[in-house]
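Biologist: Before we rely on the labels attached to this model, could we take them one at a time, setting each value beside the cut-off that justifies it?

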Amino acid sequence: MLELVTTRHNPMIDPALHVWGWEIPVYLFLGGWVAGSMIISGYLARQGRKPGDGCVCHVLPWLSIVLLSLGMGALFLDLEHKLYVWRMYLTLQPASPMSWGGWILILVYPVLLLGALTSIPPDLLSRWPALARLAARLREPGAARPLGTVSILAGVALGIYTGILLSSLGARPLWASAALGPLFLVSGLSTGAAFAHLIARNAEEQAALLKADNVFLTVELALIGLILVGLLTASAVHANAAALLLGGPYTAVFWVFVVGLGILLPLALQSLMASHRIAHTVVAPLLVIGGGLALRFVIVSAGQYSHWISP
């Protein structure tokens, strides 16, 4: 059934093709961004942040709904049989990452909507008594922790899925790494933390998000290193795939835009900001967000260029 709605350039069907366009990297990037935002907002909600206290966790669900919708729109544009997309939701196929991903994306929406409801002023819901009662229950102190936990779990599932989707496609050796899922999850966390830091208005919250993003960037850099080492120490085909980023056609964009401008420079700037050596600036968060997008474009493009035929 999934072949009726799969992307028109599925490398599992034709491993010779490497022509995915911009839609898939954007979809993976926005999905990871939303995943990171859900984990961060869920964590902050579990700390007992109340509506009206200016916490960024009450803004992130609304923005995440928009970002996730844009991401699913990009995915829809890449589908070959757009009119049959509903067939994916007639069954769950446990062996198919695409089936799991489709269901995860749909189930994420209710979690985001519940989180968004907590920030709506009661007066605006006076015309919908049932919705007003639900929002009131969600704002009760006892509801914050379970709702935050659900948001964290949904975010982790969504973030890891964006990497597993690629690593499950065995036709591309560059994607044949178990660390790809954690890499995309941590990258999404970094993007979410950077954006939350960008829009936060509370100085204490900004400082906490800044330190958290530094941790995420450090882990992301370590995971990239592990993936490259794993490829270089595997078969000749995997080493050739790694060579695409280590002297091959994707070397410059990977090391300049992903590692240099997307990780190392913002990590240095944010470390100076955390130690109060320089003032808070929007430059570092914007670099992190741009680096997250560049990472998806490089991994998707270089992965399609890699193949199992050793030269």
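Modeller: Let us start with His-276, which sits in the loop between α9 and α10 (283-305); bear in mind throughout that this is a predicted model.

Biologist: Why is His-276 called exposed?

Modeller: The relative accessible area of His-276 is 71%, and the label exposed is given over 50%, so His-276 at 71% is exposed.

Biologist: What makes the phi of His-276 worth a remark?

Modeller: Most residues other than glycine have a negative phi. His-276 is not a glycine, and yet its phi is positive, about 65°. A positive phi, near 85°, is also found at Gly-48, which follows α1.

Biologist: How do you know that α1 has the span expected of a helix?

Modeller: Helix α1 covers residues 23-46, and its 24 residues at 1.5 Å a residue should span 34 Å; the end C-alpha atoms are 34 Å apart, so the two values agree. For helix α2 (residues 60-78), with 19 residues, the expected span is 27 Å and the end C-alpha atoms are 27 Å apart, which agrees as well.

Biologist: What makes α1 mostly covered?

Modeller: Of the 24 residues of α1, 22 are buried, buried being the term for a relative accessible area under 20%. In α2 the buried residues include Leu-60, Ile-65, Leu-68, Met-72 and Asp-78. Across the protein chain of 311 residues, buried residues make up 49%, and the chain has ten helices and zero strands.

Biologist: Why are Cys-55 and Cys-57 counted as buried, and how many disulfides does the structure hold?

Modeller: Cys-55 has 4% relative accessibility and Cys-57 has 5%; the cut-off for buried is under 20%, so both values qualify. As for disulfides, the structure holds zero, where the criterion would be a pair of cysteine sulfur atoms within 2.5 Å.

Biologist: Why is Thr-118 called buried, and what lies close enough to its side chain to count as a polar contact?

Modeller: Thr-118, in the loop between α3 (97-117) and α4 (129-138), has a relative accessible area of 9%, and is therefore buried by the cut-off of under 20%. A polar atom of the Thr-118 side chain lies 2.6 Å from the backbone oxygen of Gly-115, and the limit for such a contact is 3.5 Å.

Biologist: What makes Ser-177 buried?

Modeller: Ser-177 is in the loop between α5 (141-167) and α6 (180-199), and its relative accessibility of 15% is under 20%, so Ser-177 counts as buried. A polar atom of its side chain lies 3.2 Å from the backbone nitrogen of Ala-179, again within 3.5 Å.

Biologist: Why is Pro-182 labelled partly exposed?

Modeller: Pro-182, found in helix α6, has a relative accessible area of 33%; the label covers values between the cut-offs of 20% and 50%, so partly exposed is the right term for Pro-182. The C-alpha atoms of Pro-182 and Ile-160 are separated by 5.9 Å, although these residues are 22 apart along the chain.

Biologist: What makes Val-256 eligible for a nonpolar surface patch?

Modeller: Val-256, in helix α9 (residues 251-274), is partly exposed at 41%, and patch residues need over 30% relative accessible area, so Val-256 passes that cut-off. The patch of about 370 Å² is made by Val-253, Val-256, Phe-257, Leu-261 and Leu-265.

Definitions and conventions
Residues are numbered from 1 along each chain as its sequence is written. This is a predicted model: local features need pLDDT of at least 70, side-chain atom pairs count only at pLDDT 80 or more; totals for chains, interfaces and linings use all residues. Side-chain values use heavy atoms; hydrogens and water are left out. Patches are made of residues with over 30% relative accessible area and no salt bridge: like charges are joined within 9 Å, nonpolar side chains (Val, Leu, Ile, Met, Phe, Trp, Tyr) within 5 Å. Accessible areas come from the Shrake-Rupley method with a 1.4 Å probe; for residues, only the protein chains shown count as cover. A salt bridge is a side-chain nitrogen of Lys or Arg within 4 Å of a carboxyl oxygen of Asp or Glu. Helices (H or I, at least four residues) and strands (E, at least two) are DSSP runs, numbered from the N terminus. Buried means under 20% relative accessible area, exposed over 50%, partly exposed in between (1.4 Å probe, protein chains only). A polar contact is a pair of N or O atoms within 3.5 Å; within protein, one must be able to donate a hydrogen and the other to accept it, and residues adjacent in sequence count only if both atoms are side-chain atoms. The expected span of a helix is 1.5 Å times one less than its number of residues.
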